Amino acid sequence: MPTRTSHRGDRRISPVFLGIAAVTAVSGWAVWTDFAHVPGLAVFLFVTSAWIVSLCLHEYAHARTAFHSGDLSIGAKGYLTLNPFAYTHALLSIVLPVLFVIMGGIGLPGGAVFIDRGRIQGRWKHSLISAAGPLTNVLFAVVCTAPFWLNALDGVPVVFRYALAFLALLQVTAAILNFLPVPGLDGYGVIEPWLSHRIRRQVEPIAPFGLILVFVLLFFIPEVNNAFFDGVDAVLRQLGVGDLETGCGLDYYRFWQGENAFCASFAGR
């Protein structure tokens, strides 16, 4: 008896995702209209829920690309519903990225969609599947920064501007980290199909530790940390976002720490 691969219900958008999107919309409205008594709380809810939405879209992009590349089992696994709880490792894809945003203001890459690579033929397809996720973060960053690089900030409330800037920073950090050609990250997945079988076998045992190595370097070697965030700042400046906007966005996001003097002197509230 053949195994079920996919049907229309496997691609129906999850109510869980719709709920998270609704929280994003409502909290974004609260930030825009200054409705919230504590604006930082509204910024926290808006950025966190929008970040989870982007994580779901990141994984969805991997899954949808794999589905169209030949792995029809993707649908039966629930990956096309945008439900964050359907991922192979919800802890790695949702919980840890949110905690890293709260603790360090950095976009932790996801990566919990299991793809049956044996069903997919062609090196370009394998590379595109790996690239699809971080390209979603790139697109998300472009959308978040559109008011900045389009010089369309007139009428955009200042706190909402800061929230968008901080959300864009998360997307840029996630995209850069994911595109690093380090085993275990999407960047390595892009180039892996083009490597020799011998190299891939040698790299395979260290792949589970690639992300850990990256974060050890970022958090414990100041030179690496400075170089990384200099690159992030350079990208954001090209998109019209300055240190003031991202810094104030982080200040408002961490509302429990109290308003930072740096942001307070410029917020204009």
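**Exercise 1. Is Cys56 buried or exposed?**

Solution. We are working with a predicted model. Step one: look up the relative accessible area of Cys56, which is 0%. Step two: compare that value with the cut-off, since buried means under 20%. Cys56 is therefore buried. Now try Cys248: its relative accessible area is 0%, so Cys248 is buried.

**Exercise 2. Find how many disulfides the structure holds.**

Solution. A pair of cysteine sulfur atoms has to lie within 2.5 Å to count. With that test applied, the structure holds zero disulfides.

**Exercise 3. Work out which residues form salt bridges, and how they are linked.**

Solution. Start with the total: searching the whole structure turns up two salt bridges.

Step one: take the pair Arg119 and Asp71, whose closest N and O atoms are 3.6 Å apart. Arg119 sits in the loop between α4 (90-104) and α5 (123-144), while Asp71 sits in the loop between α2 (39-69) and α3 (73-76), so this salt bridge ties together parts that are 48 residues apart in sequence.

Step two: take Asp116 and Arg119, where the closest N and O atoms are 2.9 Å apart. Arg119 is thus a partner of Asp71 and of Asp116, and the shared partner joins Asp71, Asp116 and Arg119 into one network.

**Exercise 4. Sort the three network members by burial: which are buried and which partly exposed?**

Solution. Go through them one at a time. Asp71 has a relative accessible area of 0%, so Asp71 is buried. Asp116, at 27%, is partly exposed. Arg119, with 40% relative accessibility, also counts as partly exposed.

Key:
Residues are numbered from 1 along each chain as its sequence is written. This is a predicted model: local features need pLDDT of at least 70, side-chain atom pairs count only at pLDDT 80 or more; totals for chains, interfaces and linings use all residues. Side-chain values use heavy atoms; hydrogens and water are left out. Buried means under 20% relative accessible area, exposed over 50%, partly exposed in between (1.4 Å probe, protein chains only). A salt bridge is a side-chain nitrogen of Lys or Arg within 4 Å of a carboxyl oxygen of Asp or Glu. Helices (H or I, at least four residues) and strands (E, at least two) are DSSP runs, numbered from the N terminus.
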